[in-house]
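The exercises below concern charged side chains and their surroundings. Please work through each task before reading its solution.

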Amino acid sequence: MTDSITPRQFAHSDGVGDWHADEGSAWALFRTGSFAAGARFVDAIAEIADAVNHHPDVDLRYGTVLVRTSSHDAGGLTTRDVDLARRISDAAAELELPVETSRH
């Protein structure tokens, strides 16, 4: 079992600077520039999620992909979410996808 963490602990974890944490979940909005680029990113997210057996909510739109993660079994954020967020941010960087840094 992974350890539950607070949104503040999530936000202060290494490698999750692209992410915003709130009560119970963390999210990031990536700018893809096109629907096709977004679909490729979603494919990468799916491979990561299956590899770590932790699956985020993903919203694919023209030009953006919104990703939200939480650990439903723990009722909020865990170290699993930190690991998943890092891996997704790494995939976005490899695909040269910028993150939207303003809060929505």
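**Exercise 1.** Is Asp73 buried or exposed?

Solution. The model is a predicted one, in which local features need pLDDT of at least 70 and side-chain atom pairs count only at pLDDT 80 or more, while totals for chains, interfaces and linings use all residues. Residues are numbered from 1 along each chain as its sequence is written, and side-chain values use heavy atoms, with hydrogens and water left out. Buried means under 20% relative accessible area, exposed over 50%, and partly exposed in between (1.4 Å probe, protein chains only). Asp73, at 51% relative accessibility, therefore counts as exposed.

**Exercise 2.** Identify the salt-bridge partner of Asp73 and classify that partner's accessibility.

Solution. A salt bridge is a side-chain nitrogen of Lys or Arg within 4 Å of a carboxyl oxygen of Asp or Glu. Asp73 pairs in this way with Arg80, their closest N and O atoms being 2.6 Å apart. Arg80 has a relative accessibility of 23% and is partly exposed.

**Exercise 3.** Which parts does the salt bridge between Glu100 and Arg31 tie together?

Solution. The structure holds 5 salt bridges, and one of them joins the side chains of Glu100 and Arg31, at 2.9 Å from N to O. Because Glu100 belongs to strand β5 (residues 99-100) and Arg31 to strand β2 (residues 25-31), the pair links parts 69 residues apart in sequence; strands here are DSSP runs (E, at least two residues), numbered from the N terminus. Glu100 is buried at 18% relative accessibility, whereas Arg31, with a relative accessible area of 33%, is partly exposed.

Terms used:
Helices (H or I, at least four residues) and strands (E, at least two) are DSSP runs, numbered from the N terminus.
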